[in-house]
Amino acid sequence: MEKKKKLMLISPMLHQGGFERVCITTARLLEPYFDITIVIFDSSNIGYDIEGLHIIDLNLGVQKGKIRKILNIIKRSRKLRKLKKELKPDIAYSFGPTANMVNAFSKTNSTKVWLGIRSYMDMGESVKLKLFIRFADLIICCSKVIEKELKIKYKFNKAVTLYNLYDVEAIKKTAQEKEPELPWQDAGEQGKKLRYLLSMGREDDVKGFWHMLKIFSQVQKEIPEARLILVGEGNFEEYKKLAEDLGISGCVCFTGMQREPYKYLKKGEVYLLTSLNEGFPNALVEGMCLGLAAVSTDCMTGPAEILLGDESADRNKKQGNKNTHVIYGDYGILVPPMSVEKDLDADHILEEERDMAKVIVDLMQDKDKLDRYQKAAIERAQCFSYEKYIERFLDLADLPE
């Protein structure tokens, strides 16, 4: 029997996040093809099932202060380089900017360095990127926009796109196993059945949650039985205060981090995304797996490729300037990007927020349109299957299926 190639996956932590999920899922799926080791810098707050996986903790968690951070990078790189020399992996594939830095700086002659760019925000670090490129054998991008920019702006031709992956049937099954704990009964005012809008994401300004709350406040005026569920890690105190100021605190549920988020997602009719930047928004596709109609900002990157499919590349030619037009794609609805300035003033509702609210209200009040987009969401989610991910990964690693 031919000996398996060795694959090292590197992630700073394994808390509940997008690239951490991809890291764990990659390890599970590729076990038949590779001898896999996962290297992390800190084992606290692990949010995923790691039973049976070979995990090595470098025990070099986050440090505060610029000098300490630099020293920590050096320590991590030295420790990882030593580990690479001991284990001799054929490929070391890292997830996110912190892990990329350490993977690049610990390069050895026997191990290929694969760097994973999972967010468009990473593209803003031009000095770091130029440095990484010197060490990278391959850069794996989560969107074609990022791949194209690396090739044109940075003249790096060894960049490829590998979309994130989803097990649609498993997500559906898991969602049905339990019911969520919500602060409301099923019926709202005048006995009308409650209607849920969902979103998932950690508490981070890049998610634009202040926009979402203001948008929802406008939706709630038109559809009183509407409720908003926000699933994600964080205390969300400033957003709870904003919800109170907007008069919608009784209509919004902040669940905190959930190991079983799909039981919440299944309650929704519409998935909302108001991010200022993304890489490839996992939660958006997970919502689509469960048949939630998608309404998203046309932020960099991911939503357009997901909701418009093959038409995303030339959307401006067909639909006009993306900054001024709502785009009704085949698989979901894109609205123009939102203001990046954080604004927690409940009395200040932007026109762009009112416009997105109108799109949502129109969708929720048009049963045929809502039904069409819910079915289209499920159809599109099937395009990001495990099988396609495995096939592409093995091709990159030059392995037969």
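## Aromatic pairs, salt bridges and strands in a predicted model

Y389 is buried, and F393 is buried as well. In this model, which is predicted, both residues belong to helix α15, where they stand four residues apart, about one turn of the helix. Y389 and F393 are also members of one aromatic cluster, in which they are joined by F34, Y93, F95 and W114.

A pair of aromatic rings is described by the distance of the centres and the angle of the planes. The structure holds 16 aromatic pairs. One of these is formed by F280 and F384, whose rings meet edge-to-face, with 5.3 Å from centre to centre and 70° between the planes. F280 is found in the loop between β11 (268–273) and α10 (282–289), whereas F384 is found in the loop between α14 (367–381) and α15 (386–396), so the pair ties together parts that are 104 residues apart in sequence. F280 counts as buried because its relative accessibility is 4%, which falls under the limit of 20%. F384 is likewise buried, with a relative accessible area of 4%. The rings of Y389 and F393 have a different arrangement: their centres are 6.3 Å apart and their planes are at 35°, so this pair is tilted.

Aromatic rings are also met by charged side chains in this model. R227 lies over the face of W184, at 5.9 Å from the ring centre, and R372 lies over the face of Y373, at 5.7 Å from the ring centre.

Contacts between opposite charges were examined next. The count comes to 19 salt bridges. In one of them R21 is paired with E286, and the closest N and O atoms are 3.6 Å apart. R21 lies in helix α1 (residues 18–29) and E286 lies in helix α10, so this salt bridge ties together parts that are 265 residues apart in sequence. Both partners, R21 and E286, are buried.

A further salt bridge is formed by the side chains of K342 and D205, at 2.8 Å from N to O. This pair links distant parts of the chain, since K342 is placed in the loop between β14 (333–335) and α13 (351–365) and D205 in the loop between β8 (195–200) and α7 (209–222), 137 residues apart. K342 is partly exposed, with a relative accessible area of 30%, and D205 also counts as partly exposed, at 38% relative accessibility. The side chains of D343 and K214 meet in a salt bridge as well, at 3.4 Å from N to O. Here too distant parts of the chain are linked, with D343 in the loop between β14 and α13 and K214 in helix α7, 129 residues apart. Both D343 and K214 are buried, while K342 is partly exposed. Elsewhere, K178, E260 and K263 are linked in a network of salt bridges.

On the surface, a nonpolar patch is formed by I67, I70, L71 and I74, which together have about 370 Å² of accessible area. Of these residues, L71 is found in helix α2 (residues 66–87). L71 counts as partly exposed because its relative accessibility of 43% lies between the limits of 20% and 50%.

The strands were then considered. Strands of a sheet pair through backbone hydrogen bonds, either parallel or antiparallel. An open sheet of seven strands, with mixed pairing, follows the order β10-β9-β8-β11-β12-β14-β13. Its edge strands are β10 (252–256) and β13 (327–328), each of which pairs on one side only. Within this sheet, β8 and strand β9 (residues 226–231) run parallel and are joined by six bridges. L198 has I229, in β9, as its bridge partner.

Parallel pairing is also found between strand β1 (residues 5–11) and β2, which are held by seven bridges. In this pairing, K6 stands opposite D35 in β2. Strand β2 (residues 34–40) is mostly covered, as six of its seven residues are buried.

Technical notes:
Residues are numbered from 1 along each chain as its sequence is written. This is a predicted model: local features need pLDDT of at least 70, side-chain atom pairs count only at pLDDT 80 or more; totals for chains, interfaces and linings use all residues. Side-chain values use heavy atoms; hydrogens and water are left out. Rings of Phe, Tyr and Trp (its six-membered ring) pair if their centres lie within 6.5 Å; planes under 30 degrees apart count as stacked, over 60 as edge-to-face and the rest as tilted. Helices (H or I, at least four residues) and strands (E, at least two) are DSSP runs, numbered from the N terminus. Buried means under 20% relative accessible area, exposed over 50%, partly exposed in between (1.4 Å probe, protein chains only). A charge sits over a ring if NZ of Lys or CZ of Arg is within 6 Å of the ring centre and within 35 degrees of the ring normal. Patches are made of residues with over 30% relative accessible area and no salt bridge: like charges are joined within 9 Å, nonpolar side chains (Val, Leu, Ile, Met, Phe, Trp, Tyr) within 5 Å. Accessible areas come from the Shrake-Rupley method with a 1.4 Å probe; for residues, only the protein chains shown count as cover. A salt bridge is a side-chain nitrogen of Lys or Arg within 4 Å of a carboxyl oxygen of Asp or Glu. Two strands pair if DSSP finds at least two bridges between them.
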